[in-house]
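Open the model in your viewer and keep the selection tool at hand. The tour starts at a pocket and ends at a pair of helices.

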Amino acid sequence: MVIGAVTWFIYDRSAPTIQYDLIIANGTVYDGSGGSPYTANVAVSKDRIVAIGDIDPKRSNLVIDASGMAVAPGFINVLSWATESLLVDGRSQGDIRQGVTTEVFGEGSTMGPINAEMRREMIERQGDLKFDVAWTSFGDYLMHLEQKGISPNVASYLGATTVRINVLGYEDRHATPAELSRMQEIVAEAMEEGALGIGSSLIYAPAAYANTEELIALMQTASRYGGGYISHMRSEGDRFEEAVDELISIARATDAPAEIYHLKAAGKSNWHKMDRVIEKVEAARAEGLKITADMYSYVAGATGLDAMMPPWVQEGGFSEWSKRLQDMSLRPRLIEEMSSPQDWENLYLAAGSADKVLLTGFKSATLKPLTGKSLAEVAQMRGKSPEETAIELVIEDGSRVGTAYFIMSEENLRKKVQLPWVSFGSDAGSYTVAEPFTLSGTHPRAYGNFARVFAKYVREDQVLSVEEAVRKMTSLPAANMQLRERGSLKAGYFADIVIFDPTTIQDHATFDDPHQYSTGVSEVFINGVHVLKNGEHTGSTPGRVLRGPGWTGWAQ
């Protein structure tokens, strides 16, 4: 029978001829290596690919004729914020429908380990997405997801911010030797539980309070277990080059691989720095350091209004931040620092004007009607300055307020897409087009980041081939993050497989209407289980925890 773009054959054959659970026949195989595609049959038994080549379809009861379709390894989202969305809906629909089979967490903050106060705060700070907090350790959170039932595989770095909060809270100071030792103990515990390494996010409080020496100390522990470093660097704007130097110095000091989260030059006055940064990375790679990067395929980044406020006002966590915002004696200093260059990263200034700051997510039902408006529009509605408006919105909403900043150039995006050491991450959750996810706006990258690479940069701009796009979504991140037996179509590897049409795969999410699924992916298998069938989710939840090199279970 014909289902969508592929043809399914279900046979009743005698048992002695049956060798495989599934054969994907006649597809154009992009094996993840970046080499030329070829026509072949792919055989799957249980959770593994067992053969690729000229395989007799009669050896399976179930055959997919994928003629005219691309057959590739499942895509790896190297910067995922599906940490909460998977707790609410484990199907991961926004990403699965783009062919994503693995979500990687860890940009600074992770869901564990948490102490009693952090658990209380996690529950208190919940917005549209409500969930139980039934774990304390790093590893327990990941196992909680697997046991709950999720469609994609998950892996995670340990958040450096989370380590710091466990020991120092939200204080703006250096760790004492004893505190640093305790932080290293936490790192060791998480590495043994399967962390991929250390992830940092250095423009945000309290992460910004950590100096390079603290990060090196954490990485010295992680690197003993074979872990890597990945970072939202201290600057992507005025001190972009200096931030790259810091990342490279951490890699050099710890003999560990390092990756730049969402490589970008933020702000028009900094766009020209991208060429110099690329030179720095390639020089470090020539030296023998393992430096890589990832990106998302849009000119706007997304974070919160905290990214336009100084770190000092945020010290102590949200409650202290909110109190300072309400202290009118501090207001003149705060507005002055928000509106003029300082020694911290200000995405409002990088955007250049308030009309390039889009408000995407509120907790408060009263403020939700402002979703999709620019900061300039809301400021005009209120008769206040953009800076005052941002301050008031944070106070009123009781949150950082989800925000998109238009800060990058399309020319730089095309340049980055072509770099052989750059992979892709959405920097977003993975949602279902239904409540509670549609109660707030989001960045369109949550639904379209991977499909957009094929639609825009492969088909439209023709700056990337299909085989290279597949490599950058599969074997490249799998190697960078040491994900064992993932990221390639090879006999013996896990059967994470996507079947899609390179001529029609398309993102549809926009900033005006972000909650729209991408199309063009027909079938997705994860660990050999059919998760997407004819473009629709089957409801299967075969996702597993993928662990890093220090996991104690490898020896078992």
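This is a predicted model. Begin with the lining of the largest pocket, which by class holds eight nonpolar, two polar and eight charged residues. The volume of this largest pocket is about 320 Å³. To find its centre, select A208, R234, P311, D343 and W344, the closest to that point of the 18 residues in the lining.

Next, colour α8 (240-254) and α10 (311-314), the elements that each give two or more residues to the lining of the largest pocket. Which of the elements gives the most? Helix α8 does, with three residues.

Keep α8 on display and add helix α7, residues 212-224. The axes of α7 and α8 lie 9 Å apart, and the two helices pack at an angle of about 40 degrees. Angles from 0 to under 35 degrees would count as roughly parallel and those from 65 to 115 as roughly perpendicular; α7 and α8 are therefore oblique to each other. Their crossing is right-handed.

Now show side chains where the two helices meet. On α7, select T212, L215, I216, M219, Q220 and S223. On α8, the partners in the contact are E246, S249, I250, A253 and T254. How do the residues of this contact divide by class? The contact of α7 with α8 has five nonpolar, five polar and one charged.

To finish, show α8 with both of its settings: α8 packs against α7, and α8 also gives three residues to the lining of the largest pocket.

Conventions: Residues are numbered from 1 along each chain as its sequence is written. This is a predicted model: local features need pLDDT of at least 70, side-chain atom pairs count only at pLDDT 80 or more; totals for chains, interfaces and linings use all residues. Side-chain values use heavy atoms; hydrogens and water are left out. On a 1 Å grid over the protein atoms alone, a cavity is a set of points where a 1.4 Å probe fits but cannot get out, and a pocket is an open set with protein on both sides within 12 Å along at least five of seven lines; lining residues have an atom within 4 Å of a point. Grid points are joined across faces, edges and corners, and a volume is the space filled by probe spheres set on the points. Helices (H or I, at least four residues) and strands (E, at least two) are DSSP runs, numbered from the N terminus. Ala, Val, Leu, Ile, Met, Phe, Trp, Tyr, Cys and Pro count as nonpolar, Asp, Glu, Lys and Arg as charged, and the others, Gly among them, as polar. Axes are lines fitted to C-alpha atoms, for helices over the stretch in contact, and angles run from 0 to 180 degrees between N-to-C directions. Angles under 35 degrees count as roughly parallel, over 145 as roughly antiparallel, 65 to 115 as roughly perpendicular and the rest as oblique. A crossing is left-handed if the near helix is turned anticlockwise from the far one by less than a right angle, and right-handed if clockwise. Contact means heavy atoms within 4.5 Å.
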